[in-house]
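Student: I'd like to learn how to read helix packing, burial and ligand surroundings from a model. Could you walk me through it?

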Amino acid sequence: MPAPRPSESAEAARAAAQQAEFNEKKWVWVPDEKDGYLAGWVSKEEGDFGEFRTVPLYALSKMNPPKFDRVEDIADLTFLNEASVVNNLRLRFGSGAIYTYSGLFLVAINPYQTLPLYSDAIIQQYRNKRRDENPPHIFAVAERAWVNMGEERENQSILITGESGAGKTESTKKVIQYLAAIATDVHPSHSRSPTIVSTTTMPNSGLPRSDSFRRGHALSSSVSSGIGSHLTARGRLGLLERQILQANPILEAFGNAQTQRNNNSSRFGKFVRITFAPDGSIAGANIDWYLLEKSRVVFRSEAERSFHVFYQLMAGSGALKESLLLGGGIEDYEYLNKSRREVDGVDDKEEWSALKGALDTVGFTPAEQFDLFRIVAAILHIGNITITSTRADDAVMPDPSQAERVCHLLGIPVPEFTRAVLRPRTLAGREWVSQARTKQQAIVELGALCKTLYEKSFGALVDKINLALDRPSSKSTFIGVLDIAGFEIFEINAYEQLLINYTNEKLQQFFNHHMFVLEQEEYAREGIKWEYVNFGLDLQPTIDLIEASGSVIGILSCLDEECIMPRATDLTFTNKLHGLWVGQDTEPRHPGRDKYEPTRFDQGFIIQHYAAKVEYRTDGWLEKNKDPLNDNLTRVLAASSDRYVASLFAEYAEAPATPVGPGGAGNIFTAGKKRAMKKGAFRTVAQRHKEQLSSLMSQLQATQPHFVRCIVPNSNKKPGRVDIPLVLDQLRCNGVLEGIRIARLGYPNRLPFVEFRQRYEVLTPGIIPRGYMDGREACRRMVKSLELDEAIYKIGTSKIFFKAGVLAELEERRDMLLFEIFSRLQAIARMWTARRQMKKVLNRAVAIRTIQRNARVYGELREWPWWQLYTKVRTYTVPTVPYLVIHITDRSVHYWPRPATTMSSGRRKQSW
Ligand SMILES: Nc1ncnc2c1ncn2[C@@H]1O[C@H](COP(=O)(O)OP(=O)(O)OP(=O)(O)O)[C@@H](O)[C@H]1O
């Protein structure tokens with residue numbers, strides 16, 4: 001066995017010292033408001049401790065022995081409690097390990113600094129390795145998904161959630177980076193085009209590019225995608241892989257914004273599916289998106305920005321801005337100048353170049369790029385339209401030039417646009433009548449137009465990306481990465497939070513169910529009879545409460561109903577909800593009733609989610625749920641002379657109608673007949689989201705899932721700091737603690753028979769006979785001898801399963817026994833060395849005494865006249881100054897030369 005390195009022995013000594021200290025006391029975690037949990041030990045279980053903290057026993061959580069410190073999988077902790085979980089994460093984070101497994105989850109804590117964890121060398125380290133062969137890492141999750149996909153020919157999904165700024169997008173990028181790199185390795189000749197640095201690879205269709213652009217591109221592809229800088233394999237990537245990677249900066253430009261929590265916050269959720277050919281090479285990609293925060297184009301807090309693309313465009317090329325009629329700077333646009341304009345450390349000009357490069361790479365033609373920017377510019381111009389009111393409080397546009405710019409860009413006639421905004425026609429009975437808008441109504445209408453324009457253009461952008469990347473084939477399989485906002489609890493929770501939390505409730509249900517299925521499978525495989533509760537069903541009442549329709553009317557269905565009721569308001573909606581969920585009990589009583597409460601003071605309600613109780617305020621819900629645009633405007637836009645704009649509103653396009661009224665033939669305001677809307681045009685936000693979510697869930701259900709939970713360590717974006725209560729909150733919200741709770745109800749700790757025997761046989765000496773013995777039988781004998789209660793363990797066919805905490809007890813017994821054995825061994829060893837030492841000392845004493853005696857004898861002899869005479873008369877003699885070499889053995893003392901030795905003749909004459 002190699003000798004331990006100094007660091008190892010130091011580490012072992014430290015561990016032993018810690019263990020010894022730990023053994024001395026009964027250590028526990030004490031809840032603390034500020035720090036979450038504090039370490040303490042029980043000094044007495046009763047009594048008054050004066051300055052000591054007195055805590056009821058039930059509030060304490062047991063502490064794991066130090067050997068469990070920094071375990072890579074939280075599920076290995078024998079005491080599975082919140083404090084131990086968070087302590088383990090903190091210890092690991094403190095030593096630079098940002099990733100930790102927690103059963104089926106990978107927990108990733110945002111380091112807020114660049115760590116050398118994503119290089120090509122690290123990619124290689126994770127290639128073809130099992131999860132337990134490497135430290136926890138997002139690459140290990142991607143590798144597992146990849147291997148499962150190849151081996152089982154089953155689609156995979158990686159679900160990444162967390163709150164804003166937790167690192168979801170970064171993790172998504174790392175997964176794609178890994179997959180792109182290994183897929184290229186699988187098929188090195190796969191490149192469908194030369195390398196990225198080659199100028200010829202740029203599609204010819206792009207806008208004119210200069211050298212400086214290419215420099216910017218190379219730089220910014222690493223800045224904005226966070227991928228390029230690591231991917232030395234980048235040079236080997238084929239066009240498709242590069243297109244997939246370059247789709248990201250485009251999505252970020254249009255879908256991300258600077259917020260107080262995150263300078264590059266994704267304001268939408270996405271599910272990116274990377275498809276692979278049977279040989280493992282990338283065959284295509286597809287992106288689905290959810291819940292874009294479109295209201296950001298119109299309004300946001302002062303400390304935040306709108307979507308990046310607005311600022312990038314304003315920093316971009318002069319010629320393009322000219323053709324979009326964008327004179328001046330950010331300060332000249334109402335939708336930009338009311339809030340923050342720059343992001344620290346980000347150069348919008350550079351990002352603009354990156355965006356253009358990415359659009360080129362993905363394959364947007366100049367005309368298609370122009371269309372995208374046209375919508376962005378039109379929104380800025382709409383924001384500058386001034387609306388005033390007449391004495392009669394009717395809205396007017398005093399300066400038509402601004403509206404003209406908008407109409408020019410959108411390809412619509414100015415009079416029809418202004419009429420649709422200021423005096424739209426509505427159906428009054430069977431007649432169409434024009435109704436003047438107030439100033440406020442017109443402003444809201446313009447805002448709604450901007451939001452719709454942006455959202456539709458975003459949708460078209462993603463469709464176009466999908467068209468470029470998506471090459472499905474019947475033989476391909478995919479790995480889908482879901483990057484979606486986690487559970488949100490703010491001071492004031494609105495409709496958006498309900499939709500997010502509803503999504504998370506569904507995803508958590510999916511996780512619980514998946515965990516249940518896996519556990520059941522494992523128990524079945526091991527032949528263990530145990531009814532594991534399906535915790536997926538736990539969340540069903542809350543989900544029903546939100547989404548049910550039909551005989552049970554959930555919150556979203558109720559909202560939809562109210563949206564089509566005349567004279568309905570947010571208050572009538574709220575009261576109706578209370579009536580449905582709090583009012584008289586119906587039989588059978590729906591369990592969702594236990595999850596619902598009306599708020600005490602404000603207009604709203606409270607839902608008991610799996611993560612926490614959340615209070616929602618219902619102001620503005622009806623408006624938010626409806627398609628916010630009046631159909632006059634949508635029809636104007638659907639009839640735009642510009643193909644792109646018309647296509648965005650195609651679902652509102654009018655069927656040929658009999659021309660009546662003053663507009664004459666073709667005038668869209670003249671439609672007296674019911675409009676022939678395409679299917680789906682009238683869907684509310686709730687309906688759309690429910691549909692999207694249900695499609696997502698059915699896709700996920702058809703995959704083998706992997707779960708990543710991202711955590712914000714502190715609210716100041718500071719590296720190295722951990723705010724424990726903040727982390728605990730997130731662990732609660734993102735289901736890690738829920739997963740642990742479920743695990744605890746089963747048999748979370750499990751060991752293969754061999755391992756169990758190796759580790760604990762010492763506790764049962766003489767129980768297992770020498771020679772071969774069946775592992776199961778050996779375990780059975782051992783647990784019997786250990787006197788374990790049958791309820792706390794189960795013996796399977798290859799593993800033994802334990803309830804939480806049992807292993808700690810066994811460990812403690814083992815530690816005590818080993819402590820005793822080693823103490824005895826140490827005592828014997830010490831005795832042996834001490835005796836040896838003693839013997840040496842005694843031998844030395846004997847030797848010294850012998851030397852002294854001989855020396856004395858010799859001294860006396862020298863003075864003895866007869867000896868002197870003898871030495872004089874002797875021809876050959878020993879030297880006058882004798883020397884002695886004494887060799888001391890354990891038993892005797894030898895002298896050299898022996899005193900009576902005579903030197904050989906002729907060697908040396910004695911000089912007299
Ligand atoms: N693994 C990591 N290594 C280094 N920095 C990271 C890592 N993960 C996150 N960060 C930092 O945190 C910032 C926020 O991360 P990210 O944008 O991925 O959060 P998010 O969860 O997607 O947030 P949002 O929901 O607001 O989009 C990143 O811009 C980056 O600076």
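Student: Let's take H12 and H15; at what angle do their axes cross?

Tutor: Keep in mind that this is a predicted model. The axes of H12 and helix H15 (residues 439–469) cross at roughly 165 degrees and come within 10 Å.

Student: How do I turn that angle into a description: are H12 and H15 roughly parallel or roughly antiparallel?

Tutor: Angles over 145 degrees count as roughly antiparallel. H12 and H15 are therefore roughly antiparallel to each other. As for handedness, H12 passes H15 in a left-handed crossing.

Student: Which residues of H12 and H15 meet?

Tutor: From H12 come Glu368, Leu372, Ile375, Ala378, Ile379, Ile382 and Gly383, and they meet Leu446, Leu449, Cys450, Leu453, Tyr454, Ser457, Leu461 and Lys464 in H15. Sorted by class, this contact of H12 with H15 has 11 nonpolar, 2 polar and 2 charged residues.

Student: Let me try another pair. How far apart are the axes of H16 and H25?

Tutor: The axes of helix H16 (residues 495–525) and helix H25 (residues 736–745) are 11 Å apart, and the two helices pack at an angle of about 30 degrees. Angles under 35 degrees count as roughly parallel, and that makes H16 roughly parallel to H25. H16 passes H25 in a right-handed crossing.

Student: And what does the contact of H16 with H25 have by class?

Tutor: Start with the residues: Gln508, Phe511, Asn512 and Met515 in H16 meet Glu738, Gly739 and Ile742 in H25. By class, there are 3 nonpolar, 3 polar and 1 charged residues in the contact of H16 with H25.

Student: On to burial. How many of the residues of helix H8 are buried?

Tutor: A residue is buried if 20 or more other C-beta atoms lie within 10 Å of its own. In helix H8 (residues 308–315), 7 of the 8 residues are buried, so the helix is largely enclosed by the rest of the structure. Those buried residues are His308, Val309, Phe310, Tyr311, Gln312, Leu313 and Met314.

Student: Which elements do the buried residues of H8 pack against?

Tutor: They pack against helix H7 (239–255), strand E7 (256–257), helix H10 (334–337), helix H11 (348–362) and helix H12 (366–383). You met H12 above, in its left-handed crossing with H15.

Student: Is Gln435 buried or exposed?

Tutor: A residue with 12 or fewer such neighbours is exposed. Gln435 has 12 C-beta neighbours inside 10 Å, so Gln435 counts as exposed. Gln435 lies in the loop between strand E14 (431–434) and H15. Leaving aside residues up to four places away in sequence, Gln435 touches Arg423, Pro424 and Thr426. From Gln435 to Leu240, the C-alpha to C-alpha separation is 53 Å, and the two are 195 residues apart in sequence.

Student: Now the ligand. Which of the 19 residues around the ligand come nearest?

Tutor: Ser164, Gly167, Thr169, Glu170 and Ser265 come nearest. Helix H5 (168–186) and strand E8 (265–266) are the elements that give two or more residues to the shell around the ligand, and H5 gives the most, with 3 residues. The shell divides into 6 nonpolar, 11 polar and 2 charged residues.

Student: Finally, how do I read the chain as a whole?

Tutor: Count elements, then burial, then contact range. The chain has 29 helices and 24 strands, and buried residues make up 38% of its 912 residues. Among contacts between residues at least 6 apart in sequence, 68% join residues at least 24 apart.

Note on methods. Residues are numbered from 1 along each chain as its sequence is written. This is a predicted model: local features need pLDDT of at least 70, side-chain atom pairs count only at pLDDT 80 or more; totals for chains, interfaces and linings use all residues. A residue is near a molecule or strand if its C-beta atom, placed from the backbone, lies within 6 Å of it. Helices (H or I, at least four residues) and strands (E, at least two) are DSSP runs, numbered from the N terminus. Ala, Val, Leu, Ile, Met, Phe, Trp, Tyr, Cys and Pro count as nonpolar, Asp, Glu, Lys and Arg as charged, and the others, Gly among them, as polar. Axes are lines fitted to C-alpha atoms, for helices over the stretch in contact, and angles run from 0 to 180 degrees between N-to-C directions. Angles under 35 degrees count as roughly parallel, over 145 as roughly antiparallel, 65 to 115 as roughly perpendicular and the rest as oblique. A crossing is left-handed if the near helix is turned anticlockwise from the far one by less than a right angle, and right-handed if clockwise. Two residues are in contact if their C-beta atoms, placed from the backbone, lie within 7 Å.
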